[in-house]
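Trainee: I would like a close look at one part of this structure, the largest pocket. What volume does the largest pocket have? Please carry on from there to whatever is connected with it.

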Amino acid sequence: MPSVEIVEVSPRDGLQSEPARLTTAEKVELIGLAVAAGAHRIEAASFVNPKRVPQMADAEDVMRLLPRPAGVSYVGLALNERGAERAVAAACDEVNFVVVASETFSQRNQGAGVAETLDRWFRVAAVAKAAGRRTSVTIAAAFGCPFEGEVGLDRVASIVERLAEGDTPPDEIALADTIGVAVPPQIRAAFDAARRIAPAAKLRGHFHNTRNTGLANAFAAQEAGAQALDASLGGIGGCPFAPAATGNIPTEDLVYLLERSGIRTGFDLQRGIEAAQWLSDKLGKRVPGMLEKAGPFPAAA
Ligand code: ZN
């Protein structure tokens, strides 16, 4: 049976853009619920400047307190060498880095242009590799930019090329629709191109559901060879640079879509729904995910 790996990103990408703050203990509880639902790769924390992202200031504490069952891999986000050192010291199994595909968004988000960001990546990769950690690079705004509009496939392809030709190519490359504008034909074209340019890298998709195309894009990505998909329990999250951007695609909705299509995820749908309900309680609002409201089908016994 075919399978796709779901990377649970609610503790980082999801919570980072939510107005309600969870305590460290609640974040650890969320990670425990994700593990219980079947997640085995979880983006747990971000090692960026806590002054810029106060929601993630407790990254080290979260990493120290989270459950460590065998087979569960924790991803830490790092945008520079210092962040990579912190992620390694906090025992992250994987270090994820972000390159933004458009210059203006890159300047606003990373405080550096694309070329300088790629130089930072090579230093981050050196730190992670020296510590024996897996690495991944997310190419953000790969399908559209809130400042520049359309992002051409050539721009994404040239970044994939730079990543693949370096001495420390990432183990995985993610193409991200950060502001939720893509449609499936774009996804197929971009994943086909990435696979041709970087055949050794694992490919991952990261989709926001701003225009309700997130799940269609995720399905197209796995058809086009993505081995992993990011998703967030409840579909929580947003994007600080795209005010109307909604969250990541909901994990439990993605599990329903894939499992009913005969694609294994390793997730327990009912437990995913319960975790989404837990998030609704903690965030004080109904999460965007649909399975959280509609329930599974056929109805659970
Ligand atoms: Zn995102």
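**The largest pocket and its surroundings**

Mentor: The largest pocket has a volume of about 790 Å³. A pocket is found on a 1 Å grid over the protein atoms alone, as an open set of points with protein on both sides within 12 Å along at least five of seven lines, and its lining residues have an atom within 4 Å of a point. Grid points are joined across faces, edges and corners, and the volume is the space filled by probe spheres set on them. The model is predicted, so local features need pLDDT of at least 70 and side-chain atom pairs count only at pLDDT 80 or more, while totals for chains, interfaces and linings use all residues. Numbering starts from 1 along each chain as its sequence is written, and side-chain values use heavy atoms, without hydrogens or water.

The lining of the largest pocket comprises 42 residues, and those closest to its centre are Arg-12, Gln-16, Leu-77, Leu-79 and Asn-109. Two or more lining residues come from each of α1, β2 (41–46), β3, α4 (81–89), β4, α5 (103–110), β5 (134–140) and β7. Helices (H or I, at least four residues) and strands (E, at least two) are DSSP runs, numbered from the N terminus. Strand β4 gives the largest share, four residues. By class, the lining divides into 16 nonpolar, 15 polar and eleven charged residues; Ala, Val, Leu, Ile, Met, Phe, Trp, Tyr, Cys and Pro count as nonpolar, Asp, Glu, Lys and Arg as charged, and the others, Gly among them, as polar.

Three of the contributing strands are linked by pairing. Strand β4 spans residues 94–100, and seven of its seven residues are buried, meaning under 20% relative accessible area (exposed is over 50%, partly exposed in between; 1.4 Å probe, protein chains only). Glu-94, Asn-96, Val-98 and Val-100 lie on one side of β4, Val-95, Phe-97 and Val-99 on the other, and both faces are covered. Strand β3 (residues 73–77) runs parallel to β4, joined to it by three bridges; two strands pair if DSSP finds at least two bridges between them. Val-75 is opposite Glu-94 of β4. Because five of its five residues are buried, β3 is largely enclosed by the rest of the structure. Ser-73, Val-75 and Leu-77 point one way from this strand, with Tyr-74 and Gly-76 pointing the other way. Strands β2 and β3 also run parallel, with five bridges between them, and Ser-46 has Leu-77 of β3 as its bridge partner.

Helix α4 holds Arg-86, which is buried at a relative accessible area of 14%. Apart from neighbours within four places in sequence, Arg-86 is in contact (heavy atoms within 4.5 Å) with Phe-47, Val-48, Pro-50, Ala-59 and Glu-60.

The loop between β5 and α7 contains Ala-141. This alanine has a positive phi, near 50°, and counts as buried at 0% relative accessibility.

Elements α1 and β7 also take part in the zinc site. Asp-13 (OD), His-206 (NE2) and His-208 (NE2) are the protein donors of the zinc ion, lying 2.1 Å from it. Asp-13 in helix α1 (residues 10–16) and His-206 in strand β7 (residues 202–207) are 193 residues apart, so the pair links distant parts of the chain. Both of these residues are buried. Donors are N, O and S atoms within 2.8 Å of the metal (3.2 Å for Na, K and Ca), and water is not among the atoms, so sites may look incomplete.

After β7, in the loop leading to α9 (214–223), is Asn-212. Its phi is positive, about 65°, although Asn-212 is not a glycine, and at 66% relative accessibility it counts as exposed. Asn-212 also belongs to the lining of the second largest pocket, together with residues including Asn-209, Leu-215 and Asp-253. That second largest pocket has a volume of about 160 Å³, and its lining has four nonpolar, seven polar and one charged residues.

Note on methods
On a 1 Å grid over the protein atoms alone, a cavity is a set of points where a 1.4 Å probe fits but cannot get out, and a pocket is an open set with protein on both sides within 12 Å along at least five of seven lines; lining residues have an atom within 4 Å of a point.
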